[in-house]
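The report below describes a cavity, two loop residues and a set of aromatic pairs, with the cut-offs behind each term.

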Amino acid sequence: MHTPRSASPSRRALLTAGGALGVGALVAACGGGGGKTSAEPDRAKGPWSFRDDRGTTAKSAGTPARVVAFTAAAAALHDFGVECVGVFGPTKLKDGKADPQAGDLDVAKVTVLGNAWGEFNVEKYAALAPDLLVTNMYQPDALWYVPDDSKKKILSLAPSVAFTTAGVSLTEPIRRYAELAASLGADPKAAKVADAKARFEKAAETLRRAAKAKGGLRVLAASGSADLLYVSTPGVYADLSYFRSLGLDIITPGKVTGGFFENLSWENADKYPADLILLDDRTAALQPKDLAAKPTWAQLPAVKAGQITPWASEPRFSYAGAAPLIERLAAAVEKAVKVA
């Protein structure tokens, strides 16, 4: 998928593809230090609890203020008005700039516990004195980017919340992140949130109209690696499921491995003719310039027609995060013509 790659071997393979492939007063300010600082708001008095998608209820004596989250989760919380003190997962690129998954986070102001799959500095996490850990789940009970070998220790240090982000439509995890943000003290009616939601809804309607106008346009969602082309199945990916509900004809591969995609050798990359290709734009996946030398890629109808658009296969689940992605896709659909 965009493809989240999780505990499943195929997911992990895709992860390493290509070579390593109005906030309330309760919300803590971003920071990189360990203990609490004088600039940090006090936690609300009284008990706090939140039931997540594992069916687990996270509990705390007061509203969590020092939140640590998977990078895209932290970015989603930021969009809803909650700041995290620490993150784990793709956060900074090699040049020090923010990874796309970091969204609008100021990556210079958060403590990065790990920047790649398998990286999670438990000692640094403990030093942050976390009140809550937040991440996604692409498979039941598999906490995204929380390493299995240190999971027990990590979860012993603070309550955790995890949201299902596969096998559901895009609006569901967005709704859940909004609920969590509100429980942490953010204002769900803040102008920033309302404006983002309006933009999201407008973008969705634009995509719906474009898909209807281009009836029959076949779309392929894929991720490229040195040896394989991973063709993603739309029923699992939250964003693809949503796009399909808006009328986009996204190809469903016939031999899905590990629940998320079909692995095609480059010799068989033409198995599913498509008019438009959504290509995984994560840093671990190969991009058009990297794939240009592969003959079968160059001969794909959509590639020859220049009908390729970036696909954020691990989106941040907020209206602000999703709206521009839908706008970009709608624009690509509007320009595309049938070529396959």
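## Cavity, loop residues and ring pairs

Helix α12 gives the largest share of the lining of the largest cavity, 5 residues. This is a predicted model, in which local features need pLDDT of at least 70 and side-chain atom pairs count only at pLDDT 80 or more, while totals for chains, interfaces and linings use all residues. Residues are numbered from 1 along each chain as its sequence is written, and side-chain values use heavy atoms, with hydrogens and water left out.

The volume of the largest cavity is about 120 Å³; a cavity is a set of points on a 1 Å grid over the protein atoms alone where a 1.4 Å probe fits but cannot get out, and lining residues have an atom within 4 Å of a point. Of the 13 lining residues, Asp-239, Phe-243, Trp-311, Ala-312 and Leu-325 lie nearest the centre. At least two lining residues come from each of α8 (238-245), β14 (308-311) and α12 (319-335), where helices are DSSP runs (H or I) of at least four residues and strands (E) of at least two.

Arg-54, in the loop between β1 (48-51) and β2 (57-60), is partly exposed at 22% relative accessible area, whereas Thr-91, in the loop between β4 (86-88) and β5 (111-114), is buried at 0%. Buried means under 20% relative accessible area, exposed over 50% and partly exposed in between, with a 1.4 Å probe and protein chains only. Both residues take part in side-chain polar contacts, listed in the table; such a contact is a pair of N or O atoms within 3.5 Å, one able to donate a hydrogen and the other to accept it, and residues adjacent in sequence count only if both atoms are side-chain atoms.

| Side-chain pair | Polar contact |
|---|---|
| Arg-54 and Asp-52 | 2.7 Å |
| Arg-54 and Ser-160 | 2.9 Å |
| Thr-91 and Thr-71 | 2.8 Å |

The C-alpha atoms of Arg-54 and Asp-141 are 6.4 Å apart, although 87 residues separate the two in sequence.

The whole structure holds 17 aromatic pairs, one of which, Phe-120 with Tyr-125, is edge-to-face at 5.4 Å centre to centre and 75° between the planes. Rings of Phe, Tyr and Trp (its six-membered ring) pair if their centres lie within 6.5 Å, with planes under 30 degrees apart counted as stacked, over 60 as edge-to-face and the rest as tilted. Trp-266 and Trp-297 are also edge-to-face, because their ring centres are 6.3 Å apart and their planes at 85°.

Note on methods: 1 Å grid on protein atoms, 1.4 Å probe; cavity = no way out; pocket = protein on both sides within 12 Å on 5 of 7 lines; lining within 4 Å. Points joined across faces, edges and corners; volume = space filled by probe spheres on them.
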